[in-house]
Amino acid sequence: MKDFAGFQLHGTQTEKNLNAALSGEALARSQYAFFAEQALAEGHESIADLYRRMESNELMHCKIWYQYLHGGVYPTMVNLQNAVQSEMLESQKLYPDFARVAREEGFEEIAEMFDSIGAIEHSHANVFLQAMSTLTQHNAGITHVPDTMPKDEYRCMFCGATFAYVPEYCPVCDAMDAFELVNDFIY
């Protein structure tokens with residue numbers, strides 16, 4: 001964490017405020033993306049454009065707060081490692097805990113969605129691990145990348161759920177005709 005004129009940010013109220021600001025801006029960015037989609041569906045293209053512009057502003061605000069909290073964006077390999085850690089935390093701890101609590105409180109449908117999204121987060125970790133391996137090989141001058149990705153796996157382009165076949169619709173996000181053959185190789 002960055003040192004500010006001799007003051008350590010870690011553990012301060014300012015650090016908590018920066019985290020809250022980052023979360024708030026990230027939520028606003030997501031909301032504006034949803035709102036733009038709805039405005040476009042209703043035929044309000046200029047309002048959708050307005051939301052998209054504000055969404056872009058919110059992303060920049062996120063970047064500013066992120067840089068204060070983390071000292072900037074790191075080299076790609078470090079970012080990939082951080083992404084793997086984050087996705088594994090979500091898939092192995094957070095979402096299973098969230099699902100357990102939802103079940104205890106009688107919200108089975110929500111618990112099942114936590115389970116489904118947790119599985120998607122786990123697949124994200126695997127994709128980032130593959131990217132780390134590919135980047136390491138590329139940096140070492142190895143030009144042939146072995147084909148280790150599963151065969152005939154399809155991913156929903158909206159939520160990231162993966163399937164061995166192309167389903168009629170995505171059981172996670174209800175998207176139709178939104179599947180792509182997995183091809184996550186880099187270089």
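# Reading a predicted model together

E153 has contacts beyond its sequence neighbours: leaving aside those within four places, E153 touches T162, F163, E180, L181 and V182.

User: Thanks, that is a helpful start! Where in the chain is E153 found?

Analyst: Keep in mind that this is a predicted model. E153 sits in the loop that runs between α4 (108–139) and β3 (154–156). Now look across to Y165: E153 and Y165 are twelve residues apart along the chain, yet their C-alpha atoms are separated by 6.6 Å.

User: Could we step back? How many helices and strands does the protein have?

Analyst: There are four helices and five strands. Reading from the N terminus, the order of elements is β-β-α-α-α-α-β-β-β.

User: And what share of the contacts joins residues 24 or more positions apart?

Analyst: Among contacts in the protein with a separation of 6 or more, 50% are between residues 24 or more positions apart. As for burial, 27% of the 187 residues in the protein are buried.

User: Let's try the helices. How do I read the way α1 and α2 cross?

Analyst: Here is the general idea: two packed helices are described by the angle between their axes and by the distance between those axes. In this case, the axes of α1 (residues 13–41) and α2 (residues 45–70) come within 8 Å and cross at roughly 160°.

User: Are α1 and α2 roughly parallel or antiparallel to each other?

Analyst: An angle over 145 degrees counts as roughly antiparallel, and α1 and α2 are therefore roughly antiparallel to each other. The crossing of α1 past α2 is left-handed.

User: Which kinds of residues make up the contact of α1 with α2?

Analyst: The residues of that contact divide into 21 nonpolar, two polar and seven charged.

User: One more feature, please. How many disulfides does a search of the whole structure find?

Analyst: The general idea first: a disulfide is a covalent bond between the sulfur atoms of two cysteines. In this structure, the search finds zero disulfides. Take C159, which is in no disulfide: its nearest cysteine sulfur belongs to C170 and is 3.6 Å away. Likewise, C170 is in no disulfide, and the nearest cysteine sulfur to C170 is that of C159. To count as a disulfide, the two sulfur atoms would have to be within 2.5 Å.

User: Are C159 and C170 buried or exposed?

Analyst: The cut-off for buried is under 20% relative accessible area. C159 has 18% relative accessibility, so C159 counts as buried. C170 is buried too, with a relative accessible area of 0%.

Terms used: Residues numbered from 1 in each chain as written. Predicted model: local features only at pLDDT ≥ 70, side-chain atom pairs only at ≥ 80, totals over all residues. Heavy atoms only, no water. Buried < 20%, exposed > 50% of the residue type's maximum accessible area, 1.4 Å probe, protein only. Helix = DSSP H or I, 4+ residues; strand = E, 2+ residues; numbered from the N terminus. Contact = heavy atoms within 4.5 Å. Axes fitted to C-alpha atoms, helices over the stretch in contact; angles between N-to-C directions. Parallel < 35°, antiparallel > 145°, perpendicular 65-115°, else oblique. Left-handed = near helix turned anticlockwise from the far one by under 90°. Nonpolar A, V, L, I, M, F, W, Y, C, P; charged D, E, K, R; others polar.
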